[in-house]
There are 2 protein chains.
Amino acid sequence: MTNTGGRKPDEGERYRAILETAARLICDRGYEGTSMQEIAAACRMTKAGLYHHIQNKEQLLFAIMNYGMDLFEEQVLSRVQDIANPVERLRACMRHNILLVTRGWSKEVIIILHEHATLTGEARAFIDARKKKYVDFLEEAYGQASQQGLIRPVDPTVGAFAFLGMVLWIYKWFKPDGRLTDEQIADGMVDMLFPPLTAADTAGLPGSAALRMVPRTAAATATGTDSEDA
Amino acid sequence: MTNTGGRKPDEGERYRAILETAARLICDRGYEGTSMQEIAAACRMTKAGLYHHIQNKEQLLFAIMNYGMDLFEEQVLSRVQDIANPVERLRACMRHNILLVTRGWSKEVIIILHEHATLTGEARAFIDARKKKYVDFLEEAYGQASQQGLIRPVDPTVGAFAFLGMVLWIYKWFKPDGRLTDEQIADGMVDMLFPPLTAADTAGLPGSAALRMVPRTAAATATGTDSEDA
DNA sequence: CACGACCTACCGACCGGTAGGTAGCAGTGT
DNA sequence: ACACTGCTACCTACCGGTCGGTAGGTCGTG
């Protein structure tokens, strides 16, 4: 969406094909473990031919990650950010994000998750800033949900990173031919973090809605953030 | 504990110092991004000197990971596995595991988390089997806790990997000088997944204990596992 | 004939790994 | 007392191969 790869805007399809091919390889073998030779060959080119399209290896990774962030924002964030109810927003967001990870459509997203410390300098800062926007989005939803008594109160930063951990860790263990489908995982995790309100809750029976709102024994005021990454 | 590095058992301290030095570097720069030259230099040796102690680069990584699993089992598993109450077991386990990740004592553990797909063949299978023991441990605790009505019922595999995701993802974002301490994070996450029983619960008031036990709308029977990794 | 797309051929540096030598030390036979 | 042996713990010097990257040429198309 944003086209932050730093290239001429209309070079278009061929360039994106290179990004996707490179992403496939880097996702399999890791960034350092993938040579430009291999990437070029997978693009049916020589190394010099590949370098006609890109500046260097690190900029290639940067472009892949930006492309991945574009895909994420298009397929997750943009589809849920207008949901008014903060808990429904979080539920939908979790579902979309889990499916983005489990279905292998975007190797670029997996690379963002795995190579979280590979980029350096400005490129690293730029990607981290795009990630932080997602963390901020989650923190705000958690803050609203806590405040409105829709979930058991939790520090928004802890909530956001707990959410992210559950969802994003999936890339490390999920196998599409396993016994659990991605929908089952999504259902289960949504239900763990955001259980539906029962009839008792909506009717306001004693000890029901209040149950999930019991203040923590201590440190309920911790609102700091160590965020930077996601 | 297990000494599975494949070396003579009494070589001892020097060898472990090499593992720790190598782990520090690999944790910082990644496995593929760290050269044997650099590792040797950090050990105040030449490369050939280093190769006197190890067989090759991959076996070095394997030994580091086994050492990390030893440390994990010693500092987490062994301290909680005898707790009778499954929820208390999970709570304590989560706390210990979070602190193992946040305090930088064992770079070996971080390497296990990050380089989850670097090893191949038998070495990979061996480490994966050690990880799977932990997943099994968590699944059993989740199964017991669900069955005894101590937590909202959840598929044990989903529960285990949700637990692991929250806990292990921390290595990607936690900074010790951030505004949240590791204890605050541990408290918050334990409270999210395993909220304490209230007085209302123990007294058996209507709509209280039952609240967290509402059966899921569907798919409550999914018990498969895609597990392999942690 | 200008230009983008791609090539061959090459660069210096570095990769993981090894052959073969040496310095120091414990044990031992005389 | 001392030479000799065997061993560990390293070293220097080097291997073939690959790394990221580039200079400069070719060729089809507008």
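A residue counts as near a strand here if one of its heavy atoms lies within 4 Å of it. With that in hand, let us walk through this predicted model, one DNA strand at a time.

**DNA strand D**

DNA strand D is surrounded by 17 residues, and the closest are A:Met36, A:Lys47, A:Tyr51, A:Lys57 and B:Thr46. Looking from the DNA side, 51% of the atoms of DNA strand D that come within 4 Å of the protein belong to sugar and phosphate.

Two of those closest residues also pair with phosphate oxygens of this strand. For A:Met36, a backbone N or O atom lies 2.9 Å from a phosphate oxygen of DNA strand D. For A:Lys57, a polar side-chain atom is 2.8 Å from such an oxygen. Chain B joins in through B:Arg14, which places a polar side-chain atom 3.4 Å from a phosphate oxygen of DNA strand D. As for secondary structure, two or more residues each come from helix H2 (36–42) and H3 of chain A, and from H3 of chain B. H3(B) gives the largest share of this surface, with 4 residues. By residue class, the surface near DNA strand D has 5 nonpolar, 8 polar and 4 charged members.

**DNA strand C**

Turning to the other strand, 15 residues lie around DNA strand C, and A:Thr46, A:His53, B:Lys47, B:Tyr51 and B:Lys57 come nearest. Of the atoms of DNA strand C within 4 Å of the protein, sugar or phosphate makes up 53%, and the rest belong to bases.

One of the nearest residues, B:Lys47, reaches a base: a polar side-chain atom of B:Lys47 lies 2.6 Å from a base oxygen of DNA strand C. Two further chain B residues meet phosphate oxygens of DNA strand C, B:Thr34 through a backbone N or O atom at 3.5 Å and B:Ser35 through an N or O atom of its side chain at 3.1 Å.

Helix H3 (47–51) of chain A and helix H3 (47–53) of chain B each supply at least two residues of the surface near DNA strand C. The largest share here, 3 residues, comes from H3(B). The residues of this surface divide into 5 nonpolar, 7 polar and 3 charged.

**Polar pairs in brief**

Here are the protein–DNA pairs, gathered for handy reference.

| Protein atom | DNA atom | Distance |
|---|---|---|
| A:Met36, backbone N or O | strand D, phosphate oxygen | 2.9 Å |
| A:Lys57, polar side-chain atom | strand D, phosphate oxygen | 2.8 Å |
| B:Arg14, polar side-chain atom | strand D, phosphate oxygen | 3.4 Å |
| B:Thr34, backbone N or O | strand C, phosphate oxygen | 3.5 Å |
| B:Ser35, side-chain N or O | strand C, phosphate oxygen | 3.1 Å |
| B:Lys47, polar side-chain atom | strand C, base oxygen | 2.6 Å |

Technical notes
Residues are numbered from 1 along each chain as its sequence is written. Chains are lettered from A and ligands numbered from 1 in the order in which they are written. This is a predicted model: local features need pLDDT of at least 70, side-chain atom pairs count only at pLDDT 80 or more; totals for chains, interfaces and linings use all residues. Side-chain values use heavy atoms; hydrogens and water are left out. A polar contact is a pair of N or O atoms within 3.5 Å; within protein, one must be able to donate a hydrogen and the other to accept it, and residues adjacent in sequence count only if both atoms are side-chain atoms. Ala, Val, Leu, Ile, Met, Phe, Trp, Tyr, Cys and Pro count as nonpolar, Asp, Glu, Lys and Arg as charged, and the others, Gly among them, as polar.
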